[in-house]
Amino acid sequence: MVYNLIKISGILIVTVCCIIATYTDVKYGIIPNKLTIPLFVVGICLVSLYYFLSSTFNFFYYVSIVIIFLLNYILWYLGLWAGGDVKLFTAISTLLVPEFLSIIPNMEFNVILFNLTIPTLDLMINSIFSVIPLIICYCIYIILKKKRYLLRQLYYVDDFYRSVFTLNLMIIGYSIIFTDSFLIKIIFITCFVVVCNRLFYKWYFILLSCVVIFSLGIDSVVYLSEFIIFNVLVIVNNIFRLNIISSCLTSIVDVNDLCEGMILSCCLCKCRNTYFFSDNGFRNRIRYFTSKDYRESVVISTKVSGLTSADIYDIHIFSNKMGIYNIPIKKTLPFAPFILGGLLLTYLCGNILKITSYLMEMI
């Protein structure tokens, strides 16, 4: 009875704290230390008390907290997480433990790191998945209302033909390889698709591949489902390759209207006394941490803490020298509501990837 009471208390505490963090993040744009630090201390004490009373000691519990902190710190360093999110995830990890979650029926965990079951990793994945639908809906709204030119970049006519050809090649490659080794199949199909795409990508080869596919007796419903999934992947690839999400989440602000806390959508760089905005795509994010020359050229990065008064002063100097007064600013969303959504998803299904794999199996 005492054990269950401790478990229920831990689950209630972490849920209530996430609700409070959602409120403060939406209303004030912060997750206060007055919330995360007590949650961290209470979590450590409550779980340690549970281990003491049950005469069990799980050293890896304390290791998992360190792992969660380091992982979130890296994401913060890369500019993907805010500092408050790092502290909230770390504090949550002190109470979101398998022993406490065992009171929830049918609870399963998909993410296991170094043979450790760390539910907070499931929470992080669920939080990211919970924010994706909102970002997609917002981007569609912006594209349809203000940036219709981006529709042409989402999907080209050539994408359709190449999708048909590539999907057909994958099915043909799968049908002509006779081995039980999954790895060998993947390697063969990949090589087969790449070579044929490079050598034979012509309209008559696309037609020929269709003839071969239907001669194999492929179920039309299955083929259509695979084709839809394949084209969704093509669109997603175009979204990331062309940085469309960043374009939708960027607003132009007059240099005189800049305020502290605003986040640049692109890094402000300086090279040979010339200022310019660098693309903030994934490649340049990596370059910022791996290339010393590129890092030294960055005057103001897209740090999640936002612009300071000194940064705004530097931007004014840049705008006066270059005659550019429109500054790209990133639109931000409070992430705490999605952490709460991810927590509820964790309670309901353990990990959203489990639902995704189930749907894939149905197809």
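# Worked exercises: sheets, helices and buried spots

Start with a pair of strands: β5 (residues 267–271) and β7 run antiparallel and are joined by 2 bridges. Pairing here takes at least two DSSP bridges between two strands, and the elements are DSSP runs numbered from the N terminus (helices are H or I with at least four residues, strands are E with at least two). You're looking at a predicted model, in which local features need pLDDT of at least 70, side-chain atom pairs count only at pLDDT 80 or more, and totals for chains, interfaces and linings use all residues. Residues are numbered from 1 along each chain as its sequence is written, and side-chain values use heavy atoms, with hydrogens and water left out.

**Exercise 1. Work out the strand order of the sheet that holds β5, and find its edges.**

Step 1: Look for the partners of β5. Besides β7, with its 2 bridges, there is β6, joined to β5 by 5 bridges and also antiparallel.

Step 2: Check a single residue. Leu268 bridges to Phe277 in β6 and to Ile300 in β7.

Step 3: Write down the order. This is an open, antiparallel sheet of 3 strands, β6-β5-β7. Since β6 (274–278) and β7 (298–300) each have a single partner strand, they stand at the edges, and one side of each has no neighbour in the sheet. Neighbouring strands are turned by 40° against each other on average, direction ignored; angles are taken between N-to-C directions of lines fitted to C-alpha atoms, from 0 to 180 degrees, with helix axes fitted over the stretch in contact.

Step 4: Add the surroundings. β5 and β6 make a hairpin with 2 residues between them, and Arg272 in that turn has a positive phi of about 55°. Helix α15 (residues 309–322) lies across β5, β6 and β7, at about 115° to β6.

**Exercise 2. Do the same for the sheet that contains β8.**

Step 1: Pick a pair. β4 and strand β8 (residues 326–330) run antiparallel and share 2 bridges, with Ile263 partnered by Lys330 in β8.

Step 2: Complete the sheet. The order is β3-β8-β4, again 3 strands in an open sheet with antiparallel pairing. β3 (250–254) and β4 (263–264) are the edges: each has a single partner strand, so one side of each lacks a neighbour in the sheet.

**Exercise 3. How do α3 and α6 cross, and which residues meet?**

Step 1: Take the axes. Those of helix α3 (residues 59–77) and helix α6 (residues 119–145) come within 10 Å and cross at roughly 25°. So α3 is roughly parallel to α6 (under 35 degrees is roughly parallel, over 145 roughly antiparallel, 65 to 115 roughly perpendicular, the rest oblique).

Step 2: List the residues. From α3 come Ile68, Leu71, Asn72 and Leu75, which meet Thr120, Leu121 and Met124 of α6.

**Exercise 4. Is Thr94 buried or exposed, and what does Thr94 touch?**

Step 1: Place the residue. Thr94 sits in the loop between α4 and α5 (98–101).

Step 2: Read the accessibility. Thr94 has a relative accessible area of 0%, so this residue is buried (buried is under 20%, exposed over 50%, partly exposed in between, with a 1.4 Å probe and protein chains only).

Step 3: List the contacts (heavy atoms within 4.5 Å). Leaving out residues up to four places away in sequence, Thr94 touches Leu39, Phe40, Gly43, Ile44, Val47, Tyr61 and Ile65.

Step 4: Look at the helix before the loop. In α4 (residues 83–93), 9 of the 11 residues are buried, among them Phe89 and Ile92. Their cover includes α1 (2–28), α2, α3, α6 and α16 (336–349).

**Exercise 5. What does Asn168 contact?**

Step 1: Asn168 belongs to helix α8 (residues 157–176) and counts as buried because its relative accessibility is 0%.

Step 2: Beyond neighbours within four places in sequence, Asn168 contacts Ile206, Ser209, Cys210, Ile213 and Tyr223.

**Exercise 6. Which elements have the lowest and the highest mean pLDDT?**

Step 1: Get the average. pLDDT is the predictor's confidence in each residue, from 0 to 100; the protein averages 79, and 87% of residues score at least 70.

Step 2: Compare elements. Strand β1 (residues 112–113) is lowest, with a mean of 50, and helix α2 (residues 33–53) is highest, with 91. Over residues 359–363 the pLDDT is below 50, and that stretch has 3 contacts beyond near neighbours in sequence.

Step 3: Read with care. Where pLDDT is low, don't read the predicted coordinates in detail.
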